[in-house]
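I opened a fresh notebook page for this structure and kept my notes in the order in which I looked things up. Pull up a chair and follow along.

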Amino acid sequence: MTTPLHIVCPHCDAVNRVPDDRLGEGPTCGKCQGSLFTGQPTDLSGARFGKHVERSDIPVLVDFWAPWCGPCRTMAPFYAQAARQLEPRVRVVKVDTEANQELGARYGIRSIPTLALFRNGREVARQPGAMDTGNILAWVQRNL
């Protein structure tokens with residue numbers, strides 16, 4: 001028997017139940033019919049961030065970044081490539097700390113880019129500094 005997982009829709013933020021053995025079959029949201037996994041990082045703000053981190057049964061990888069940050073812009077294509085490889089087993093999101101300063105403050109983000117890995121609503125690992133795709137994937141694997 002498979003275990004149902006709660007997956008938060010990246011489009012409408014509805015919480016969906018998906019059997020764990022069907023994650024790779026391109027599940028769609030029961031509310032908006034959008035794909036639950038896009039293979040791209042999802043941009044999140046305050047309220048949306050909390051729902052994704054707290055209600056998701058899969059780990060959530062967060063890139064805390066800002067548009068004016070050169071290393072953040074350099075890492076962005078590597079992060080997007082990592083998203084294609086990590087989903088559907090890991091939700092990959094981005095938080096613009098310039099637009100969402102309260103989130104940066106709440107999580108004590110002191111430098112950007114900073115990656116943070118959340119599991120069951122709790123931060124389990126953090127890594128400051130830009131990385132390429134291989135290093136992002138290896139870091140996530142080490143910390144899952």
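**Surface and overall build**

I began with the outside: the accessible surface of the protein comes to about 7100 Å², and 48% of that belongs to carbon and sulfur atoms. A reminder to myself before going further: this is a predicted model.

Next I looked at the fold elements. I found four helices and seven strands in the protein. Read along the sequence, they follow the pattern β-β-β-α-β-α-β-α-β-β-α. The radius of gyration is 14 Å, close to the 15 Å that the globule rule gives for 144 residues, so the protein is as compact as a globular protein of that length. For the extents, I noted that the C-alpha trace spans about 45 × 30 × 25 Å along its principal axes.

I then asked what share of the 144 residues is buried. Buried residues make up 49% of them. I also looked up the contacts between residues at least 6 apart in sequence, and 62% of these join residues at least 24 apart.

**Helix α1 and its neighbours**

I turned to α1 and listed its buried residues: Gly 46, Phe 49, Gly 50, His 52 and Val 53. A general point helped me read that list: an α-helix has 3.6 residues a turn, so residues three or four places apart point the same way. Which elements do the buried residues of α1 pack against? My entry reads β1 (4-8), β4 (60-65), β5 (91-96), α3 and β6.

From α3 I picked out Glu 102, which lies in that helix. Is Glu 102 buried or exposed? Neither label fits, because its relative accessible area of 43% makes Glu 102 partly exposed. I also checked Glu 102 against Gly 46: they are 56 residues apart along the chain, yet their C-alpha atoms are separated by 7.7 Å.

**Aromatic rings**

My ring search came back with five aromatic pairs. One of them is Phe 49 with Phe 118, an edge-to-face pair at 5.8 Å centre to centre and 85 degrees between the planes. This pair links distant parts of the chain, with Phe 49 in helix α1 (residues 46-55) and Phe 118 in strand β6 (residues 114-119), 69 residues apart. I noted both Phe 49 and Phe 118 as buried.

Phe 118 has Tyr 107 as a partner too, again edge-to-face, at 5.4 Å centre to centre and 85 degrees between the planes. Tyr 107 lies in the loop between α3 (101-106) and β6 while Phe 118 is in strand β6, so this pair ties together parts that are eleven residues apart in sequence. Tyr 107 is buried, as is Phe 118. Putting the ring pairs together, I get a cluster of Phe 49, Phe 64, Tyr 107 and Phe 118.

I also looked for a charge over a ring. Lys 94 lies over the face of Trp 65, at 4.7 Å from the ring centre.

**Cysteines**

Last, I went through the cysteines. How many disulfides does the structure hold? I counted zero. Why is Cys 29 not bonded to Cys 12? Cys 12 holds the closest cysteine sulfur to that of Cys 29, but the 3.6 Å between them is too far for a bond, since a disulfide needs the two sulfur atoms within 2.5 Å.

For burial, I noted that Cys 29 is buried, with a relative accessible area of 1%. Cys 72 is also buried, with a relative accessible area of 2%.

Key: Residues are numbered from 1 along each chain as its sequence is written. This is a predicted model: local features need pLDDT of at least 70, side-chain atom pairs count only at pLDDT 80 or more; totals for chains, interfaces and linings use all residues. Side-chain values use heavy atoms; hydrogens and water are left out. Buried means under 20% relative accessible area, exposed over 50%, partly exposed in between (1.4 Å probe, protein chains only). Rings of Phe, Tyr and Trp (its six-membered ring) pair if their centres lie within 6.5 Å; planes under 30 degrees apart count as stacked, over 60 as edge-to-face and the rest as tilted. Helices (H or I, at least four residues) and strands (E, at least two) are DSSP runs, numbered from the N terminus. A charge sits over a ring if NZ of Lys or CZ of Arg is within 6 Å of the ring centre and within 35 degrees of the ring normal. The radius of gyration is taken over C-alpha atoms; the globule rule is 2.2 Å times the number of residues to the power 0.38. Contact means heavy atoms within 4.5 Å. Accessible areas come from the Shrake-Rupley method with a 1.4 Å probe; for residues, only the protein chains shown count as cover.
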